[in-house]
Each structure stands twice: as C-alpha cells, then as structure tokens.
Amino acid sequence: GKDQWPRGDEGVWRDGMRTVDKDVQAVTRSIVGHVQTSLARQAYNLDNLGAYQAAALSARDDLLVNWNTTQLTFTRKQPKRAYYLSLEFLMGRTLDNALLNLGLKDKFTDGVQKLGFNMEDVIEQERDAALGNGGLGRLAACYLDSSASQELPVWGYGLRYKYGIFQQLISPQGEQLEAPDPWLDNQNPWELPRLDVTYDIRFYGRADRLDDGTGRAVWHGGQEVLAVAYDVMIPGYDTASTNNLRLWESKPQRGFDLNSFNAGNYEGAVEASNSASAITSVLYPNDHTTCAPNRSIPIHFGKELRLKQQYFWTAASLADIMRRFKNAGKNIREFPDFVAIQLNDTHPTLAIPELMRILIDDEDLTWDQAWTIVTNTFFYTNHTVLPEALEKWPVPLIENVLPRHMQIIYDISMNGQVLLASNHVSDIQLTAFVEGQPKQVRMAHLACIGSRKVNGVAELHSELVQTTILKDFVEFEGVSKFGNVTNGITPRRWLDQCNPELSALITKTLKIEKSVWLKDLTKLEGLLPFAEDKAFRAQWSAIKQRNKERLAHHVQTTLGLIIRTDAMFDVQIKRIHEYKRQTLNILGVIHRYFALKKMTPEEKKKVNRRVVFFAGKAAPAYYIAKLTIRLIVNVARVINADPDTKEYLQLYFLPDYSVSLAEVLIPASDISQHISTAGTEASGTSNMKFCLNGGLLLGTVDGANIEIAEEVGENNVFFFGHLTPAVEDLRYQHLYHPVPIEEKCPPLAFVLNQISAGVFGGDGVYEPLLNTIRQSDYYLITDDFDSYIATLEMVDEAYLDKEEWIKKSIRTTAKMGKFSSDRAINEYAESYWNIEPVSIPTGGL
Ligand code: CJB
C-alpha cells in the first residue's frame with residue numbers, strides 16, 4: 001500500500017539515510033559521537049565499559065539500517081513467515097557476533113585501537129544475555145542466527161526476563177550458591193523498547209458459553225496484565241537480512257508493583273510475588289523438570305506463576321502475529337498459508353487452545369474450521385523423553401487461571417475420542433491427555449494432536465519419541481506426521497568467533513573466502529588431505545596450544561589459579577544432571593588419582609598428563625546435582641594439593657558456566673565428555689561444538705554422538721557403555737536381582753568407600769549421592785564404570801601418539817559440515833514450515 005512509502009520528498013529522505021559500509025574514520029566518528037551525546041561522557045576519562053557502550057551503540061546503528069530494510073521488504077512482499085516460540089533464548093554476548101556478521105570486525109578493531117582501547121577488553125565488558133538454562137535455549141539462539149543468515153523470514157518470540165539464569169557462586173564448603181543475574185543493570189543497547197506495541201492479557205475470571213449453538217464463549221473478569229514488546233535485532237552473516245526477536249515484558253495496568261527480591265532464598269523469591277510484573281521477572285532455573293524436585297517449597301504457587309508466564313507469552317505473541325496477518329488484508333482461512341508457528345518444546349502449547357479461542361470466540365469460525373487452521377499452523381519439537389521433564393498441568397489450576405482454555409482443551413480431547421471411535425481403535429488411550437487423579441493435562445499429547453508435524457532432535461531420539469511417549473499417536477495419526485531434524489550449531493559463533501586463529505588457518509588452507517565455507521560448512525571436507533601434511537599438523541596443534549594458554553590465562557585472571565598447559569585438556573561442561581553422569585566422570589577422576597598414588601616415580605613418568613575441567617549449573621532445588629558439584633570441588637582441593645600426583649592430574653570446577661565461558665573452553669579442549677545413560681540425551685549440541693573445533697569426543701552411544709561418529713568415522717571417536725535397548729533390562733535387574741557393588745564392580749566400590757571414609761572431607765554429606773549408585777542406580781553407573789575406565793585408558797594411549805591424534809582432530813573438524821544449524825534450519829523451512837528465503841537489498845529503502 002501507499003503508506004509503505006515515505007511521505008514528503010523521497011529524495012530528501014534518501015539523502016538522510018545511513019548506510020552500512022563504513023571506513024575506519026566513519027567508525028571512529030560514530031563511536032566518538034555516541035560517547036559525546038548518547039553517553040554524555042568525556043574522552044579523557046572514558047573507561048572500557050564506556051568504550052563498549054559507545055561501540056555497541058555504533059554497531060547497533062548499522063544493525064538498525066539492515067533491520068529496517070528487512071522489515072520493510074517483508075511488509076511489501078508478504079512472504080509466508082515462521083515464528084519460533086521459545087521460553088528460552090540463550091544468546092550470550094552480541095557485540096563481537098554482530099560485527100562479524102556485519103563484516104565490520106576489522107574496522108571496529110582498528111577504530112577502537114585508534115581511540116586508545118583494545119577490542120578484546122571492550123568485548124569483555126558485555127554481560128551475557130543468559131535467558132535460558134542450557135541446550136534448548138542455546139539451540140533457539142543458533143536457529144535465529146541461521147535463519148537470518150539464510151535470509152529466511154523467521155521471527156523469534158520470548159520473554160524479557162529481568163533476571164536471566166542465576167549467577168553461580170561456590171561457597172567455602174564447595175556448595176553452589178545462587179545470586180540473581182541483573183543483566184539489564186547497565187542498560188542493554190541491543191534492545192528497542194516498543195512502548196506502542198502492547199496487548200492486554202487476561203487471567204482468571206469466568207468463561208460463559210453462549211447458548212446459540214455456536215460453541216462460542218465469553219471470557220471476562222479476572223486480572224488483566226499489559227504485555228510490552230522489546231525488539232532485539234538478529235543480524236544474518238554476510239547479508240543485510242536482519243530478523244527480529246520480540247521479547248515481552250509484563251507490566252501492571254495500573255502501575256503498582258510489589259518488587260521484592262530475596263537473594264538468600266532464590267526459588268522462594270521467585271514465588272513470593274504474584275503481581276503483574278512478577279510474570280517476567282525471572283527465568284525459571286529448572287532444566288529437564290516441570291517443577292522443583294524439592295516438595296517443601298510452596299509448589300502450587302510456583303507452578304501457577306510458570307503457567308502464567310507460558311500463557312502471557314503465547315497470548316501476546318499470537319495477538320501480535322494475528323495483528324500482522326490482518327494488516328496484510330488476508331482472509332482468516334488463509335492463515336496457515338502465511339503463518340507457521342514452531343513450538344520449542346511443550347512450553348508454548350497453550351498457543352493451541354489460544355488460537356482456537358481467537359478463531360471461535362473472536363473470529364466466529366466453527367470448531368472444524370478453526371481446528372483445520374490450527375492443525376496446519378503449528379509444529380512441535382520434542383527435546384526430551386525423560387519422564388520427569390514431560391509437562392503436566394493440573395486441571396484445577398488451568399480451570400482457575402484460564403477457564404476458557406480448559407473448556408477448549410476438554411473439547412479437543414472429546415473430539416479426538418470421537419475420531420478415535422470412528423477409526424475403530426478405541427482401545428488406545430491416546431486422547432487421554434486429560435487424565436489421572438487429580439486430573440492433569442499432558443502437554444506433549446496436546447502439542448502433538450494440535451500440530452501439523454512433530455519432530456525429535458536427533459535420529460535416535462526421534463525414533464524413541466515415536467516408539468515410547470507418542471507411540472499411540474503414531475498408530476492413530478500415521479507415521480508421516482513424525483520426523484527428525486538433527487540439531488545444529490552456528491559455525492559463526494562456534495568457530496569463527498570463538499576460535500579466530502583456527503578459522504583463519506582454515507580459510508588460508510581451503511583457498512576460498514571465509515564467507516563461502518561459513519555458509520556451506522561441508523566445504524570443510526577440503527581439509528581432509530591436509531591431515532597427511534606434517535607442516536599443516538604443526539600449525540593445527542600450535543593453535544590448539546595457544547587456545548589452551550588463552551584458557552589458562554582466563555582462569556588465572558578470573559580465579560587466580562595456575563593451570564599447566566603441557567597436558568591433555570579434558571572437558572565436561574553442561575547442566576549438572578544425574579542423566580548426564582558428571583558422577584561417572586568424577587568417580588573416574590578419583591579412580592585415576594588412586595592409581596597414580598600407587599605408581600612408582602618411573603611409572604608416573606609414562607603417564608599421560610591430564611587436566612580435567614567441569615562447569616555447569618544445578619537447578620537450585622536439585623539436591624543430588626548440588627552434591628555432585630560439592631564433591632567435584634572438594635576432590636579438586638585434595639588432588640591439586642597432593643605433591644604425589646599434581647604434576648599428572650589436575651581438576652577444576654569453573655564456576656558460573658555461561659556461553660562466554662564456553663567460547664573460551666571449547667577451542668582449548670583435546671577431549672570432551674558426553675557420557676549420558678544411553679537413550680537419555682536427546683541430541684546434545686556441545687558435542688558438535690567441540691568436534692568442530694578439533695576436540696575429540698568421548699561418549700556413549702546416544703543422541704547426536706551417534707551421527708557425529710557416522711560422519712567422522714568410529715575410529716575418530718571414543719565410545720563406551722551399554723546401548724539403549726539394554727537399559728530397561730539393566731534397570732529391572734537392579735531392582736529385582738541386585739548384586740552388591742563389591743562383587744559387580746570392585747574398583748568402583750573402592751572409590752565409593754574412599755569418599756565415604758572422608759578422604760575428600762564432607763563428614764558423610766555425600767552419602768545420599770553415593771546411595772543413588774549403591775541402591776537403584778537408575779543411571780547405570782555400576783554397569784558402565786568398567787568400560788568407561790577402559791576407554792579412558794585408550795584415550796591416554798591415543799593422545800601419547802601425538803601425530804595420530806592431530807590427524808584425528810583434523811579429520812573430525814573436516815567432517816562436521818552436517819552439524820551446521822544452517823542445514824537444520826533449512827530442513828525446517830522446507831519440510832515443515834514451507835517458507836522461502838527473501839533477498840534483502842543493501843542500502844536502505
Ligand atoms: N534440553 O536443554 C534442554 N532442556 C530441556 O528441558 C529438555 C531438553 C536439551 O535440548 C537440546 C536441544 O534440542 C538437546 O540437544 C539436549 O539433548 C536436550 O537435553
């Protein structure tokens with residue numbers, strides 16, 4: 001329409017437009033301008049933080065030019081769009097990434113230096129945007145980068161938490177403590193408040209069905225909360241295409257607020273306030289669990305706030321999507337032709353009854369018309385088959401908070417049953433997604449029945465989704481509704497940005513532009529022949545060595561610890577969870593420690609030196625996971641102080657794991673551990689990051705480890721442990737035919753007894769953790785310990801053959817092309833969402 005063109009004189013508008021390609025002088029002018037006016041600071045006393053803020057504002061101006069062009073192009077062309085609904089976006093820092101994607105990194109580095117600053121120090125000033133717990137949230141961030149880089153019209157929708165994932169502190173006893181993460185305190189240059197984009201979101205009240213035979217209802221009364229939009233620019237790599245991540249903030253409609261935050265009682269504080277602004281005040285720190293495992297806290301209240309978060313976010317997002325769709329002047333029946341909505345796990349499942357409510361109550365469609373639209377709009381990705389992670393909401397809770405949605409959920413369930421009967425498969429319990437006592441709604445079932453397609457995140461996992469938790473639906477709806485999209489990672493952040501030296505060596509070696517292989521990662525295969533080239537291997541390993549030194553330097557400046565770099569770096573970084581088996585790793589370290597203690601000095605000289613790193617957060621109420629951290633910290637104290645062993649074995653728990661810490665750890669790793677009980681890790685994505693950076697993988701036959709091995713070759717990975725089909729039977733054996741550990745696995749029994757005897761202190765505190773292994777051993781530590789230790793020995797042997805090891809490292813990187821998130825996002829675009837790239841012109845209107 002006409003209103004998409006400028007009013008007044010177009011030439012005057014164009015003359016005033018900024019453009020992005022800048023020389024160094026334009027960069028310094030822009031930074032100085034921001035120091036002078038945006039920050040109102042003086043050149044003579046500007047510190048690194050000020051320099052960061054000015055540089056960020058300058059880069060933001062460039063992003064905004066592209067962002068505006070992108071949005072205008074979409075408005076004019078009206079392509080089908082996809083919306084990625086995720087409660088978590090674990091973005092990390094933005095400045096470095098934005099400059100690399102804009103192609104301005106060198107100019108800014110130069111410019112900043114001319115102004116008397118060092119770019120690395122400036123970059124370090126930025127706080128991570130840590131609006132996520134772990135893999136699920138980081139995946140969402142990688143997918144945004146890939147969507148923009150592929151020029152795909154994909155917007156993210158999430159929540160603007162005032163506090164991201166908690167900061168982890170370690171007490172003198174080695175316990176995890178949690179402190180709030182006030183990431184917005186220094187102002188956030190990367191967000192644009194859209195105070196004019198707001199929606200009223202209702203909670204509670206009453207839903208009265210109309211008795212006009214239409215099935216419509218009127219929902220009224222209760223509480224209304226205001227949703228305010230904040231936009232975050234998502235730049236594509238080597239393109240003007242710049243997408244949007246819209247985050248919602250909750251505000252009371254009448255501007256009062258109970259703002260209490262109690263740092264000593266983190267989860268308690270989360271639940272303390274039921275005010276409107278509490279809805280987006282804090283990210284829930286629970287990963288892989290629907291509620292805090294510790295039942296002593298007022299659980300129902302905590303659940304209610306989480307339900308309100310989920311509805312607040314889905315309702316605001318759908319209202320926004322609907323408004324944009326209507327502005328385009330289309331007929332409501334065409335909705336699925338222009339809109340695809342991806343549900344990142346079950347957290348946004350309320351979008352399904354919410355869209356039904358809009359279509360029936362507001363748009364006057366019949367149930368069948370509405371259901372056709374809904375089931376052609378949504379796509380659902382499952383991220384875990386762990387039973388405790390499958391969301392269930394008590395019916396009385398939904399009935400109270402969202403009375404109209406509960407009616408609709410019952411109607412969906414009933415309609416499913418009618419369909420079921422007509423298909424003569426009434427023995428199947430599939431539509432019983434409202435079940436139990438008290439009744440609960442199983443969100444995975446609702447998400448499945450309301451979606452066009454359902455997928456898992458790696459081949460094995462997608463298979464397990466179809467054969468376990470959604471088995472009945474596969475029988476009922478047909479297998480073609482179910483698929484797999486193996487996860488991916490963005491090679492921009494996870495190679496070019498975090499490992500600039502390796503990136504430069506690759507570009508030089510492949511003799512193609514960096515922008516070519518970073519957008520087609522399969523090009524890395526061109527490195528394969530260089531594994532045979534001795535000089536190349538020397539360069540490759542020198543870079544690994546410098547990355548180890550960079551990590552050692554980081555640890556020294558932040559923690560004051562001296563780490564030796566003439567050793568193998570062995571890394572396990574991820575959320576602390578029993579299924580990920582950090583316990584297996586620490587028990588292996590202890591086993592090694594005692595083996596070293598028994599050796600003669602001559603024997604020790606032949607040993608492979610090892611530095612073991614752990615990092616990761618535990619959910620604040622996950623008692624066993626917190627004990628695991630405490631054990632690791634206290635074992636580290638003993639081992640690192642022991643003159644008999646400290647030359648050969650060092651152990652570190654690095655506190656407050658984050659995206660930024662991962663960017664330093666991953667390039668420095670020789671080997672990383674991905675050792676979940678078979679069948680429990682849906683995919684894993686850090687496994688891909690390590691391998692892309694030439695670190696080898698030690699893992700179980702699980703998740704994406706399997707596909708990594710398929711790509712790089714079994715001889716380049718170290719696998720151990722029982723396979724998925726054996727797990728059920730082993731658990732049965734543990735319960736009904738238990739064998740004492742002393743008999744089943746004597747070396748493990750010895751290690752457990754040493755801990756119990758107090759060698760690592762603790763005065764008995766570790767018993768509950770040890771008992772999980774001595775008793776039911778649900779995660780199969782006793783079954784896999786021997787093969788784990790044997791495989792660690794193979795790793796040592798392989799590492800001592802330095803040249804062979806480097807060959808493995810090169811071959812691993814070379815074969816990681818499949819795991820680019822560009823490949824993954826293209827699969828979603830083509831086989832799920834049916835959207836196409838839209839090319840974005842450079843240079844404004
Ligand atoms: N995942 O991070 C989470 N949180 C959950 O609650 C459930 C799953 C992870 O999602 C990643 C992205 O798909 C997977 O790679 C990872 O295996 C899974 O644990």
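Me: Two strands pair if DSSP finds at least two bridges between them. What makes strand E19 (residues 568-573) and strand E20 (residues 610-615) a pair, then?

Reply: Six bridges join E19 to E20, so the pair passes that test. The two strands run parallel, and in E20 the bridge partner of Val 571 is Phe 613. One thing up front: this is a predicted model, where local features need pLDDT of at least 70, side-chain atom pairs count only at pLDDT 80 or more, and totals for chains, interfaces and linings use all residues. Residue numbers start from 1 along each chain as its sequence is written.

Me: Why are strand E21 (649-653) and strand E24 (718-720) called edge strands?

Reply: Each of them pairs on one side only. They end an open sheet of six strands in the order E21-E20-E19-E22-E23-E24, with parallel pairing. From one strand to the next, the twist averages 15°. By the way, the names come from DSSP runs numbered from the N terminus (helices are H or I, at least four residues; strands are E, at least two).

Me: Which strands stand at the edges of the other sheet, and why does each have a side without a neighbour?

Reply: That open sheet has nine strands in the order E7-E10-E11-E4-E1-E12-E13-E17-E18, with mixed pairing. Strand E7 (191-203) and strand E18 (482-484) stand at the edges, and each has a single partner strand, so one of its sides has no neighbour in the sheet. The twist averages 25° from one strand to the next here.

Me: How do you know that strand E12 (residues 339-344) pairs with E13?

Reply: Count the bridges: four of them join E12 to E13, in parallel. Two examples in E13: Phe 379 is the bridge partner of Gln 342, and Thr 381 is the partner of Asn 344. Strand E1 (residues 81-85) also pairs with E12 in the parallel sense, over five bridges. There, Arg 81 has Val 339 as its bridge partner in E12.

Me: What carries the sheet on from E13 to E17?

Reply: E13 and E17 pair in the parallel sense over three bridges, with Tyr 380 opposite Val 454 in E17. Strand E17 (residues 453-456) is in turn joined to E18 by three bridges, again parallel. Val 454 turns up here too, opposite Phe 482 in E18.

Me: Why is E12 called largely enclosed by the rest of the structure?

Reply: Six of the six residues of E12 are buried, so it earns the phrase. (Buried takes 20 or more other C-beta atoms within 10 Å of a residue's own; 12 or fewer is exposed, in between is partly exposed, and C-beta atoms are placed from the backbone.) Val 339, Ile 341 and Leu 343 cover one face, and Ala 340, Gln 342 and Asn 344 the other. Strand E13 (residues 378-381) is covered on both faces as well, with Phe 378 and Tyr 380 buried on one side and Phe 379 and Thr 381 on the other.

Me: Why are helices H2 and H5 called oblique to each other?

Reply: H2 (residues 24-38) and H5 (residues 105-114) pack at about 55°, with their axes 9 Å apart. Under 35 degrees would be roughly parallel, over 145 roughly antiparallel and 65 to 115 roughly perpendicular, with the rest oblique. The pair therefore counts as oblique. (Axes are lines fitted to C-alpha atoms, for helices over the stretch in contact, and angles run from 0 to 180 degrees between N-to-C directions.)

Me: And what makes H30 roughly antiparallel to H31?

Reply: The axes of H30 (residues 746-756) and H31 (residues 767-774) come within 10 Å and cross at roughly 160°. That puts H30 in the roughly antiparallel class relative to H31. The contact is made by Leu 752, Ile 755 and Ser 756 of H30 and Glu 767, Leu 770, Ile 773 and Arg 774 of H31; contact needs C-beta atoms, placed from the backbone, within 7 Å.

Me: Which residues of helix H27 (residues 703-712) are buried?

Reply: Gly 703, Ala 704, Asn 705, Ile 706, Ile 708 and Val 712. They pack against several elements, including helix H16 (459-467), strand E22 (671-674) and helix H33 (802-814). After H27 comes Gly 713, whose phi is positive, near 95°.

Key: Two residues are in contact if their C-beta atoms, placed from the backbone, lie within 7 Å.
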